[in-house]
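Visitor: Hey, got a minute to walk me through a structure? I'd like to poke at it bit by bit.

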Amino acid sequence: MNRKLLLIILDGVPWRNFRRLFGNLEGWVDSGEARVWKLRSVLPSISASCYASIHTGVTPQEHGCTGNGNVFRLDHKDIFSQVREAGGVTGAVTHSFWSQFFNRHPFDYVRDVEYDESDSATINHGRFHSMTGYGKANQMTPSDVDLFATLTNLCLRFGLDYGILHTCTLDSMGHRFYHDCEEMDHACFVIDEMLAPFIPRWRQLGYEVIVTADHGQDERGHHGGRSALQQETALYYFGDAEGPDAETVIDQLQLAPTILTRMGAPVAETMKARPFLR
Ligand SMILES: [Zn+2]
């Protein structure tokens with residue numbers, strides 16, 4: 001492996017909320033530690049379909065996940081499988097869909113809530129949560145600081161080359177309260193402050209870091225379809241690579257080949273999009 005990288009997915013954050021409310025991330029853009037671009041999600045702009053496209057680099061029309069009710073073990077090669085092929089160690093602190101897509105389905109709560117499998121062809125170290133019982137009145141999400149700490153714990157204990165973290169807190173808040181309200185201002189403010197101390201720590205451990213979302217959300221907290229608010233989010237990059245012009249809109253399908261190229265792992269033949277970092 002040439003480099004180590006952490007991918008942080010904050011579920012359901014539209015472009016305007018990243019740029020308006022994440023003062024630490026934006027401060028690092030101003031100081032030159034980070035770069036930011038607009039990123040457009042695939043269609044449908046629904047969580048499971050986007051997770052599958054982020055990691056396989058192919059459209060929902062090709063991988064076949066049509067939404068959150070259609071989750072299965074995907075056939076396509078993905079970031080985990082390619083990092084493993086190059087001899088890297090992988091970890092995931094995410095919703096259980098990621099384990100189902102890339103390791104095994106169905107999700108067995110006891111077997112799969114936490115595993116360390118050094119011989120795995122995909123995920124070596126997994127820590128998952130299912131959000132079972134999720135609804136407007138009860139979000140069923142862990143505290144984000146616990147998730148950030150768990151990823152850091154895996155990096156230190158197991159020497160991850162690639163780690164992914166995913167949290168649904170803001171998506172759930174958006175479905176409940178929508179986006180132009182005091183509750184969402186505060187939720188974005190809190191997660192930005194919780195995340196911030198971990199970024200320099202991960203950088204000191206030698207990781208490049210990407211922070212983005214799977215999709216946006218519109219004025220009524222909706223996503224799944226086609227509109228700027230539903231599809232467009234931000235991508236923040238901490239690392240040494242050269243990127244495109246500031247006005248460039250990154251296609252979500254570019255994430256997988258970009259990450260693999262950065263790390264020095266083989267890009268799967270199914271990943272046709274062009275890497276945006278070099
Ligand atoms: Zn989502």
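Visitor: Let's start with P197: does P197 count as buried or exposed?
Guide: P197 counts as exposed, at 53% relative accessibility. Keep in mind that this is a predicted model.

Visitor: Where is P197 placed?
Guide: P197 sits in the loop between helix 10 and helix 11 (198–204). Its C-alpha atom and that of F148 are separated by 9.8 Å, with the two positions 49 residues apart along the chain.

Visitor: And helix 10, what should its 14 residues span, and what do the end C-alpha atoms say?
Guide: At 1.5 Å a residue, helix 10 (residues 182–195) should span 20 Å, and its end C-alpha atoms are 20 Å apart, which agrees.

Visitor: Which residues of helix 10 are buried?
Guide: That would be M184, A187, C188, I191, D192 and L195. Looking down the axis of helix 10, the buried residues fall within an arc of 130°, so they line one face of the helix.

Visitor: Switching to the metal. What are the protein donors of the zinc ion?
Guide: D11 is listed twice through OD, and then there are S47 (OG), D214 (OD) and H215 (NE2), lying 1.9 to 2.7 Å from the zinc ion. Along the chain the donors follow the spacing D-x35-S-x166-D-H.

Visitor: Which parts does the pair S47 and H215 tie together?
Guide: S47 is in helix 3 (residues 47–56), while H215 is in the loop between strand 7 (207–212) and helix 12 (228–231), so the pair ties together parts that are 168 residues apart in sequence. Both S47 and H215 are buried.

Visitor: OK, the sheet. In what order do the strands come?
Guide: Nine strands make an open sheet, ordered 4-5-3-6-1-7-8-2-9, with mixed pairing. Strand 4 (114–116) and strand 9 (249–251) stand at the edges with a single partner strand each, so one side of each has no neighbour in the sheet. The twist from one strand to the next averages 20°.

Visitor: How many residues of strand 8 are buried?
Guide: Seven of the seven, so strand 8 is largely enclosed by the rest of the structure. On one side the buried residues are E232, A234, Y236 and F238, and on the other T233, L235 and Y237, which leaves both faces of strand 8 covered. In a regular strand, side chains alternate between the two faces of the sheet.

Visitor: In what sense does strand 8 pair with strand 2, parallel or antiparallel?
Guide: Antiparallel, over six bridges. W37 stands opposite L235 there. Strand 7 and strand 8 also run antiparallel, joined by four bridges, and V211 has Y236 as its bridge partner.

Visitor: What about strand 3, how many of its residues are buried?
Guide: Six of the six in strand 3 (residues 90–95), so strand 3 is largely enclosed by the rest of the structure. Strand 3 pairs in the parallel sense with strand 6 over four bridges, where T90 stands opposite Y162. Strand 3 is also joined by five bridges to strand 5 (residues 125–129), again running parallel, and V93 stands opposite R127.

Visitor: Which strands does helix 13 lie across?
Guide: Strand 1, strand 2 (35–40), strand 6, strand 7, strand 8 (232–238) and strand 9, and helix 13 runs at about 155° to strand 1. R262 is one of the residues of helix 13 (residues 255–263).

Visitor: Is R262 buried or exposed?
Guide: Buried, with a relative accessible area of 7%. Leaving aside neighbours within four places in sequence, R262 is in contact with N2, R3, L5, E208, Y237, D240, A241, L277 and R278.

Visitor: Now backbone geometry. Which residues does the cis peptide bond near omega 0° join in the case of P44?
Guide: L43 and P44, with omega about 0°; P44 is in the loop between strand 2 and helix 3. The bond from H105 to P106 is cis too, with omega near 0°, and P106 belongs to the loop between helix 6 (96–102) and helix 7 (109–112).

Visitor: Last one: what phi does M140 have?
Guide: A positive phi of about 55°, although M140 is not a glycine. M140 is partly exposed, with a relative accessible area of 38%. Y178 is another non-glycine residue with positive phi, near 70°, and counts as partly exposed at 35% relative accessibility.

How values were computed
Residues are numbered from 1 along each chain as its sequence is written. This is a predicted model: local features need pLDDT of at least 70, side-chain atom pairs count only at pLDDT 80 or more; totals for chains, interfaces and linings use all residues. Side-chain values use heavy atoms; hydrogens and water are left out. Donors are N, O and S atoms within 2.8 Å of the metal (3.2 Å for Na, K and Ca); water is not among the atoms, so sites may look incomplete. Helices (H or I, at least four residues) and strands (E, at least two) are DSSP runs, numbered from the N terminus. Buried means under 20% relative accessible area, exposed over 50%, partly exposed in between (1.4 Å probe, protein chains only). The expected span of a helix is 1.5 Å times one less than its number of residues. The arc is that of the directions from the helix axis to the C-beta atoms. Contact means heavy atoms within 4.5 Å. Two strands pair if DSSP finds at least two bridges between them. Axes are lines fitted to C-alpha atoms, for helices over the stretch in contact, and angles run from 0 to 180 degrees between N-to-C directions.
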